[in-house]
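Student: I am new to this one and would like to go through it step by step. Could we look at it first and then take the questions in turn?

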Amino acid sequence: PWHHPGDILACTMGGINDEEDLHIIFNMTDKNTTTQLPRISGRQWYKAIDTAASSPNDIMRPANQKTSGPKSCRVQARSIVVLENR
């Protein structure tokens, strides 16, 4: 369980060599939220993992990932979203 309701944590990890950058959003609140995404020139964010989605849509293969949009991402209450940038 989440121990500090009201918190949202997001971090970006840069990929090494040919690996994708990752942006991870933890929504520890009981409300859906929209978070801003960092911009990386010439690349787009794709949703790879969404713990609020039902299987098999919670973890998506790269070929099936959909772009989350250029500026923001919707994150459901008490869930985690992982985005890949390519």
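**Strands, core and loops**

Student: How many bridges join strand β3 to β5?
Tutor: Strand β3 covers residues 33–36 and runs antiparallel to β5. Strands here are DSSP runs (E, at least two residues; helices are H or I, at least four), numbered from the N terminus. Two strands pair if DSSP finds at least two bridges between them. For β3 and β5 the number of bridges is four.

Student: Before we go on, what kind of model is this?
Tutor: Residues are numbered from 1 along each chain as its sequence is written, and side-chain values use heavy atoms, with hydrogens and water left out. Local features need pLDDT of at least 70, side-chain atom pairs count only at pLDDT 80 or more, and totals for chains, interfaces and linings use all residues, since the model is predicted.

Student: Which residue in β5 does Thr35 stand opposite?
Tutor: β5 has a covered face and an uncovered one, and Ser72 and Arg74 belong to the uncovered face. Cys73 and Val75 form the covered face. In a regular strand the side chains alternate between the two faces of the sheet. The residue opposite Thr35 belongs to the covered face: Cys73.

Student: In what order do the four strands of the open sheet lie?
Tutor: The pairing in this sheet is antiparallel. β1 (8–13) and β4 (45–50) stand at the edges with a single partner strand each, so one side of each is left without a neighbour in the sheet. The order is therefore β1-β2-β6-β4.

Student: What does the twist average from one strand to the next?
Tutor: The angle is taken between axes, which are lines fitted to C-alpha atoms (for helices over the stretch in contact), and runs from 0 to 180 degrees between N-to-C directions. From one strand of the sheet to the next, the twist averages 20°.

Student: Over how many bridges do β2 and β6 pair?
Tutor: β6 covers residues 79–85, and five bridges join β4 to this strand. With β2, too, β6 pairs in the antiparallel sense. The count for β2 and β6 is seven.

Student: Which residue in β6 is the bridge partner of Leu22?
Tutor: On the β4 side, Asp50 stands opposite Val81 in β6. Tyr46 stands opposite Glu84 in β6. Leu22 has as its bridge partner that residue of β6, Glu84.

Student: The charged end of which residue sits over the ring of Tyr46?
Tutor: The structure holds zero aromatic pairs. Such a pair needs ring centres of Phe, Tyr or Trp (its six-membered ring) within 6.5 Å, with planes under 30 degrees apart counted as stacked, over 60 as edge-to-face and the rest as tilted. A charge sits over a ring if NZ of Lys or CZ of Arg is within 6 Å of the ring centre and within 35 degrees of the ring normal. At 4.3 Å from the centre of the Tyr46 ring, the residue is Arg86.

Student: Which residues make up the largest nonpolar core?
Tutor: A nonpolar core is a set of buried Ala, Val, Leu, Ile, Met, Phe, Trp, Tyr and Cys residues joined through side-chain atoms within 4.5 Å. Buried means under 20% relative accessible area, exposed over 50%, and partly exposed in between (1.4 Å probe, protein chains only). The seven residues are Ile25, Leu37, Trp45, Cys73, Val75, Val81 and Leu83.

Student: Which elements give two or more residues to this core?
Tutor: One of them is mostly covered, with six of its seven residues buried. The other covers residues 72–75. The elements are β6 and β5.

Student: Is Asn17 buried or exposed?
Tutor: Asn17 is found in the loop between β1 and β2 (21–27). Phi of Asn17 is near 55°, a positive value in a residue other than glycine. At 77% relative accessibility, Asn17 counts as exposed.

Student: What is phi of Arg78 near?
Tutor: Arg78 is found in the loop between β5 and β6. At 40% relative accessibility, this residue counts as partly exposed. Phi is positive in Arg78, a residue other than glycine, and is near 50°.

Student: What is omega near for the peptide bond from Ser55 to Pro56?
Tutor: Pro56 has its place in the loop between β4 and β5. The peptide bond from Ser55 to Pro56 is cis, with omega near 10°.
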